[in-house]
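Biologist: Can you pull up the model and walk me through it? I'd like to start with a strand and then get to the charged pairs.

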Amino acid sequence: MPRKKTTMEDLARELGVSRLTVSKALRGLPGMSLETRRDILRLAEAKGYLTREQKESALFEHTSLQSLQPRRFYMVLQEHNASPSHVHLELLKGLNQRFHGTHSSVAPLFAPAAASQSDAAWREWSDGCGLAFADGIFIPPMTPPELEKRLLDLPLPRILLNFPPTGAMADSVVWDVYESVRQAVQLLAEHGHRRILYIGDTRSSRGYRLRWSAFAEAMAEHGLEADPARHLTAPQEADRIAWREEFIRLMTAEKPTALLNTVEGYLPWIYYLCSQSGLSIPADCSLVSLDVSAEPPAPGLCYFYLPVRETGARAADRMIWRIANPGEPLEHLRLQGRLVRGDSLREAPRE
């Protein structure tokens with residue numbers, strides 16, 4: 001005789017609570033003590049009871065998507081980024097490719113700068129766009145801190161597509177640029193390079209600051225100095241002319257045998273300025289870069305591929321799982337990049 005399936009009413013009866021309380025506990029909603037919530041979750045697990053969302057999550061993770069309930073998700077961007085960056089577009093592609101066939105989708109939602117500056121402006125904007133009725137939100141990198149904090153405080157399923165700030169109460173999925181920078185320094189050191197010029201941005205975002213930290217840490221492990229004053233660490237966007245002049249000055253003063261570029265948008269300028277200075281890559285100076293393109297962004301470039309689109313796809317999985325398991329511990333996932341070898345890296349010249 002087949003075993004009778006456990007119902008929500010069975011759980012409520014055994015624990016002496018209402019069916020509504022059981023439903024709230026399983027969906028991660030308030031309205032009970034922590035002890036009651038724990039008792040309900042433990043009993044549901046012991047009895048093998050699964051909510052509809054948990055069943056969908058199991059199906060989703062095994063790529064059987066047809067029975068997934070249609071849902072509406074947003075990736076929230078600051079309004080001045082009305083033209084999403086290449087990184088944002090790759091994330092959106094990854095998210096929507098993973099949701100393809102489920103009748104669910106992720107749309108960009110642009111928040112005006114004023115919305116994060118005051119409670120009244122925030123309520124007016126979020127009420128007007130129906131943010132509270134979304135099934136979940138994705139918070140991308142380069143989100144201003146004030147907007148990021150307001151999004152993290154929302155009572156919605158939230159996935160950070162970034163390294164999480166301290167104490168962030170949300171899951172995160174991000175490409176592990178920290179490890180890629182460390183591996184890049186190790187690769188250059190293995191090829192005999194000791195005069196490595198870091199090209200990046202140490203100010204604009206948490207991810208950029210982590211890149212510099214990874215560089216400094218990896219350099220120290222090889223007995224090399226990482227003085228910011230001797231590297232190109234200012235954002236190019238702040239002053240392009242000053243940035244170009246500083247690049248030429250550092251190339252002349254430091255005479256690096258290798259360049260480590262950590263911002264993909266800077267790559268064309270590096271090739272251009274090197275040619276303007278009479279320097280050839282890799283004959284005069286090796287180059288290793290980071291990039292989000294699966295194909296080499298320049299012929300023969302040696303670079304670390306950052307799996308941005310794959311991060312979007314993995315974040316879609318995590319969102320569905322989080323909706324199904326609201327009471328489980330938060331998780332922070334980092335996707336490993338990979339080295340694409342090219343002839344822009346050569347052995348350092350003997351000195």
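**Strand β8 and its neighbours**

Modeller: Ser286, Val288 and Leu290 point one way from β8, while Leu287, Ser289 and Asp291 point the other way, and all are buried. Keep in mind that this is a predicted model.

Biologist: Why do the side chains switch sides like that?

Modeller: In a regular strand, side chains alternate between the two faces of the sheet.

Biologist: And how many of the residues of β8 are buried?

Modeller: Six of the six, so strand β8 (residues 286-291) is largely enclosed by the rest of the structure.

Biologist: Which strands pair with β8?

Modeller: Strand β7 (residues 258-261) pairs with β8 in the parallel sense, over four bridges. Strand β9 (residues 302-305) also pairs with β8 in the parallel sense, over four bridges.

Biologist: Give me some residues to click on. What stands opposite Leu287 in β8?

Modeller: Leu259 does. For β9, look at Tyr305, the bridge partner of Asp291.

Biologist: What sort of unit do β7, helix α11 and β8 make?

Modeller: A right-handed β-α-β unit, with helix α11 covering residues 267-276.

Biologist: Switching to charges. How many salt bridges does a search of the whole structure find?

Modeller: The search finds 17.

Biologist: Start with Lys93. Which residue does Lys93 form a salt bridge with?

Modeller: Glu90, with the closest N and O atoms 3.6 Å apart. Both residues lie in helix α5 (residues 86-99). They are three residues apart, about one turn of the helix.

Biologist: Is Glu90 buried or exposed?

Modeller: Glu90 counts as buried because its relative accessibility is 7%, under the 20% cut-off. Lys93 is partly exposed, with a relative accessible area of 40%.

Biologist: Which residues are linked in a network with Lys93?

Modeller: Glu90 and Arg309 are linked with Lys93 in a network of salt bridges.

Biologist: What about Lys149 and Asp153, buried or exposed?

Modeller: Lys149 is exposed, and so is Asp153. They form a salt bridge too, with the closest N and O atoms 3.1 Å apart.

Biologist: Last one. What do the side chains of Asp176 and Arg334 do?

Modeller: They meet in a salt bridge, 3.6 Å from N to O. Asp176 lies in the loop between β5 (171-175) and α8 (177-190), and Arg334 in strand β10 (residues 332-335), so the pair ties together parts that are 158 residues apart in sequence.

Biologist: And is Asp176 buried or exposed?

Modeller: Asp176 is buried, with a relative accessible area of 11%.

How values were computed
Residues are numbered from 1 along each chain as its sequence is written. This is a predicted model: local features need pLDDT of at least 70, side-chain atom pairs count only at pLDDT 80 or more; totals for chains, interfaces and linings use all residues. Side-chain values use heavy atoms; hydrogens and water are left out. A salt bridge is a side-chain nitrogen of Lys or Arg within 4 Å of a carboxyl oxygen of Asp or Glu. Helices (H or I, at least four residues) and strands (E, at least two) are DSSP runs, numbered from the N terminus. Buried means under 20% relative accessible area, exposed over 50%, partly exposed in between (1.4 Å probe, protein chains only). Two strands pair if DSSP finds at least two bridges between them. A crossover is right-handed if, with the strands pointing away from the viewer, the path from the first strand over the helix to the second runs clockwise.
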